[in-house]
Amino acid sequence: MEILIYGAVTSAIYAMLAVGFTLIFGVARILNLAHGSFYALGAYSAYVLTTLAGLPLWLAALLSIAIVAVFGVLVEKILIRPLRSSQLGVLMISLATAFVVEQALFLIFGSEYRNVPAFIDTKFNLFGVDVAGQRLLTLAVATVAIGSLYAFIQFTRLGSAILAISQDPLAAKYMGIPSDRIFSLVMAISAGLAALAGVMAGPFLSVQPSMHLLPIVKAFAIVVVGGLGSIPGSIAAAFMLGYAETIVAYLVSGSWTEIVSVLSTLLMLVFRPAGLFGKRAAF
Amino acid sequence: MPISFKRQTLQSLFAGLLLGSGLLGTTALTAQDKPVRIGVPTSVQLQVGRDTLTAVKMAVDEINKKGGVLGRKFEFVSADETENPETGISAIKKLTADEKVDLLIGGYTSGVTLAQLPHISAAKTIYLGVGAASPSITNKVKQDYDNYKYIFRVGPVNAAHQARGLVDFISHFVIGELGYKNIAIVGENAKWVQDLVPILSKGAKEVGADLRLTELFDTQTSDFSPLLAKVKTSGAQYMVVILSHASSDVFAKQWHDAQVPVPYGGIDVKSMDGDFFARIGGKSISEIAANFAVRAPITKKTVPFFDEFKKNSSNFPVYSAFFAYDAVFIYADAVKRAGSFDTEKVIKELEKTKHEGVAGEITFDEQHDVQTGPGKVNFMFVQWQEKGERAVIYPKELRTGKFIMPPWMKK
Amino acid sequence: MKAFKGLDTLSSFGGLVALLMLGVLPTLFTGTYLVGVLTVAAIYGIWAVSWDFMSGLTGRENFGHSLFIGVGAYAAGFLNVHFGVGPWWSLPASMLVSMLFAVVLGFPTLRLKGPYFALAMLSSAVIMQRLMLIFWEYTGGEEGIQDITPLVKNPLHYYWFVLAVLGSITLLLSWMARSRWGLILRAIRGDEATCLAAGLPITTYKIVSLVISAAFAGLGGALYAHYQLQVSPQLFAVVTSITIITMVYVGGMGTIFGPVGGALLLTVMTEGLRNFGEWRLMIYSLLLIFILFFLPNGIIAPIWQKMRNLGRPS
C-alpha cells in the first residue's frame, strides 16, 4: 500500500521535471542540462523568500516560480540561442550554466542543507499508510499543473502555435508564428514547472547546492524512455520509473533504485529508441 | 649619446647592487627564523572542514602569542580535499611538494585519507588525523611501521571503539533503562560504517538485543520513506543510526513528518552541529547523537575552548575542531621535548604524548591511534530537547537531563 | 616513410617540439608538484585523444567514456592487488578489458544517433559505477582498491613514460585520422545512408573505432591507477566523461592533437585555481562558459592553424 502512495508522489515530481524538459526539447530542440538548476533555484528561492524576507509561504512559492521562469528565459536568450547550431554546444553550455548555478548556491548558502517550510505539516493516514501532508499536496499540485498544461496546449491558440513549431518549425514560421517568442514562452513554462517541483519537494527532499544533478539525470532518462518531445510519453514514463524505483526500494534495497531507472533507459534505447510514444526514431 | 648611455649603465648598476644586497639580505636569514608550516587537507566546503581550520588558527595564534616553539612561529595553509580521493591526493601533493609544509593536520572522509596515505608516506611528513574514523588508517602503522610511522590519529576515536561505545549505550540505556530489546541498525554505506557495523551487530546481540533490521543505504539517498517504513514494519523499538556524510537533515525531517513511532539515536555527525535543530525547524527533537564533547567541564580546557571558538566562528565547534586544536599543541609539545624539528625525533616524542585535550586526555596506542577509556576521549550521548536544548543522557555519571520521547509517542 | 604518409612534416615536427618542451618543463622547477600535475594532465590527454578519435570524427558523442577508463583502471587494480600480478601486465590487460566492453556495448548502441547514443553510453557508465558500489565487498565500494604498486617509482621518469605513451598514441591516431580510416569515419558523420549505399561496412568501422578509443582509454586508466596508487568509483562518474569532452571541445574537436592541449590547459587551470579557495570551481565554470561561448572551435587547434599559416605565403 505504501508503495502505491509513495510511488505516486515520486512519479509526480519526476513528471513535473520530465514534462518541462521534453517540452523545451520538442519545441526548440534544446537539450537543456540546466533544467535541474531550475528545480534547485525554485527550492532555494522559496527558502530565501520565507526565511530571509519573511514572506508567507504561498506568496514565496508564486514569486519563486516567477523568478525562475524569468531566469530560464534569460538563460535561453543569452546563452543558448546563439549556440543553437550545435547540439553539443547547447548541451555543454547548459551544463556549464548548471555548474555555475551550483557553485553560486554553494558560495552564497554554504553546503549545509537548507530548510524549506512545508505547506502542510501534519501527517495523514491514508489507507493505513502514514504519509506526510506535504507529499500528498505535491501529488495534487503536480496533477493540476500538468493537467492544465496539457489542456493549454491542446485547447488554446497559443498551445497550437507551440505544437506547430514542434512539428515543423519552418512551416510554422511561414504561417507567421513568432518562433523566438514562443521559445521564450516555452522556456518560461518549462522552468516554472521545474521550480514548482522544487518548491513542493524542497520541504521533504534535500535542499543543497548539488540537488540539481540527480533530477536532471532522471528527467533525461524519463524523457528518452517516454519519447523525446511527447508529453503523454513523459508522464507515462515518469510513472513507470517512479513506481519501478519505489518498488525496488521497498522490496529489495535502496541501493538498487538508481540502477533501475538507468537500466530501463539503456534497455529502451537498445530495443526501441523512439521511446514509448516518440514520433521520430533516434531523431 | 654617450652621456645617457653612461647614465643608463650607472642606473642599472645601482639597481643591480640594490637587488643584489636585498637578495643577500634575505639569504642571510637562517633556517631558524623560517616559520613552521602546517598543511591542512580538509573538506573546506563542509562544516567539518571549516571548523578544523578555525581550530587550527586558534591554536596557532595562541602558540605564536607565546613566542612560537624553539624560536619559530607557526603558520598554516589549507588545501581542499573534498570527499573525492583524486582531489584528496592532489591536495596532499600540493601541500607537501609545492607548499612544502612541515606537518599535516586534517582529514575527514576515511576513503580519501586511505588514498592519501601512500603519498603522505612518500613525502615523509607527519600526519595528525582529526576527522576520519576507519581503523584501516592506523592499521597501516602496524603493518608497515617504517613507511607509515608518520601517521597519527588524534581523533576521532576509531570506528571499532565507536562501535563498542554504541554497544554500551544500547546495553545500559536502550535495553537497561528504556527496556527496548528490538533494535534496528541503519547507516550510510561508507567505509567507516562498513568497518563499524559488524562489531556493533555482534556486540549488540551479545548484550541481549534483538536485531530486527540492519540496513546500509546509499550516502546520496534523499528519500528515506522506504527505509523508515521498513524499520516500522520490522517491529524495532529503537533505531540506531550511523550517519556522517549522509543527509541527516532530510532523514530527521522525514522521520518527524511521517511520525515514525520509533525513536532514534546513535552516531550522527551532522547532528553534532549546534544549529542542526534550528535549521530543520526543530524536527530532530528527541534524537540522541553521540558527541565527543559539549560545552561542559569535561576537562579544564573544554569550556574555554568552546567560548573562544564561538568568538572566532558563528557556530559551536564540531568534533574535528577539538582534535585539530589539540593536534597543534601535541605537535608543539613533542617538538619541545625532542628539542628539535627533526621528523624522526618528533615521532618518537609524539608516541609518548599525554595531553589534556578538549574532549579528554589524549594518548596513543602502538598503532598511533587515540585511546579511549575513563578520562580519555569518549562518546557522550546527547539528546535534542525542547527549544533546541541539549542534554547529556548517557553515560549516567554525566547526565544533565531527563530522556524525552518523540512528541507523537507521549502517552 | 610510409607511416607518415598521411601526416605532413610540419605537424609532426610541431608535435615533437611540443612534446620535448613538456618533457623539459618540470626539470626547471624543484619539487615534485609540477610533475604530478603534468602527469595527470598527460593522462587526461590520453583520454581526450582517445575520445576525439571516435566521437570527434564520427560525431557520435560518447558520454560514457568514463566506463572504459574505469574498467581499465579497475582491471589494473584487481590484477595488481588481488591477484598479485606485476604492474606492467596491467597495461595490456586493461586495454583488453576495455576493448571487450567496447565490443559488448558497441553492437547494440552504435546504431543510435546523436543524443541517444550519448545517453546510452552515459547510462552504461552510471550502471557500472553503481555496480561497483553495490558489490562493495568485492570492489572496495566507495573507497575502491588501494595500495597499487607504482610502475616507475621516480615521478619524473614516470612522467616521461606517460608523455611518451601520449605522444605515440597521438601520432598513431592522428595518422589514422588522416588516412582512409579517418575519411570514412568523417563520412559516417556526414551521411550514413550514402556510406551504406556506397557499400561501406559502416557498422564494422564504427565498432572498431569505438574499440580503439576504448583500448587507449583503458590504457590511460591503468596508467592512472599506477600513479594515484588507488582506484575508486569516482572514475566512472559522469563528471569524468564531461571533463574529458570539455577538454576536447576546448582543444578543438576532431583534430586529435587539439584535445591534448585542451587537457593540459584545463588540468593546469583546475590546479592553478586552488589559490582561489572556495571560488575555484565557480571561476572554472565561468571560464568554461566563456570559452564555449566565444571560442566554439576550441582554443588549441585554431591557434595552431594560425601559427601554420604564418609561414605560408598568402
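Q: How many helices and strands are there in chain B?
A: In this predicted model, chain B has 14 helices and 14 strands.

Q: And what size of box do its C-alpha atoms fill?
A: Along the principal axes, the C-alpha atoms of chain B fill a box of roughly 100 × 45 × 35 Å.

Q: What percentage of the residues in chain B are buried?
A: Of the 411 residues in chain B, 63% are buried.

Q: What about the area chain B exposes?
A: That comes to about 15,900 Å², with 55% supplied by carbon and sulfur atoms.

Q: Switching to chain C and chain A: how many residues are in contact?
A: On the chain C side there are 32, in contact with 39 residues of chain A.

Q: Which residues of chain C lose the most area to chain A?
A: Those are C:Tyr116, C:Leu119 and C:Phe293, which together account for 20% of what the chain C side buries.

Q: And how much area is buried between the two chains in total?
A: About 3,400 Å² is buried between chain C and chain A, and carbon and sulfur atoms give 84% of that.

Q: How many salt bridges are there between them?
A: Zero between chain C and chain A. The count of residue pairs in polar contact, with both residues at pLDDT 80 or more, is also zero.

Q: Which elements of chain C give two or more residues to that side?
A: They are α5 (114–134), α11 (238–251) and α13 (280–294) of chain C. The largest share, eleven residues, comes from α5(C).

Q: How do the residues on that side divide by type?
A: The side of chain C that touches chain A has 23 nonpolar, four polar and five charged residues.

Terms used. Residues are numbered from 1 along each chain as its sequence is written. Chains are lettered from A and ligands numbered from 1 in the order in which they are written. This is a predicted model: local features need pLDDT of at least 70, side-chain atom pairs count only at pLDDT 80 or more; totals for chains, interfaces and linings use all residues. Side-chain values use heavy atoms; hydrogens and water are left out. Contact means heavy atoms within 4.5 Å. Buried area is the accessible area (1.4 Å probe) that two parts lose on being put together, summed over both. A salt bridge is a side-chain nitrogen of Lys or Arg within 4 Å of a carboxyl oxygen of Asp or Glu. A polar contact is a pair of N or O atoms within 3.5 Å; within protein, one must be able to donate a hydrogen and the other to accept it, and residues adjacent in sequence count only if both atoms are side-chain atoms. Helices (H or I, at least four residues) and strands (E, at least two) are DSSP runs, numbered from the N terminus. Ala, Val, Leu, Ile, Met, Phe, Trp, Tyr, Cys and Pro count as nonpolar, Asp, Glu, Lys and Arg as charged, and the others, Gly among them, as polar. Buried means under 20% relative accessible area, exposed over 50%, partly exposed in between (1.4 Å probe, protein chains only). Accessible areas come from the Shrake-Rupley method with a 1.4 Å probe; for residues, only the protein chains shown count as cover.
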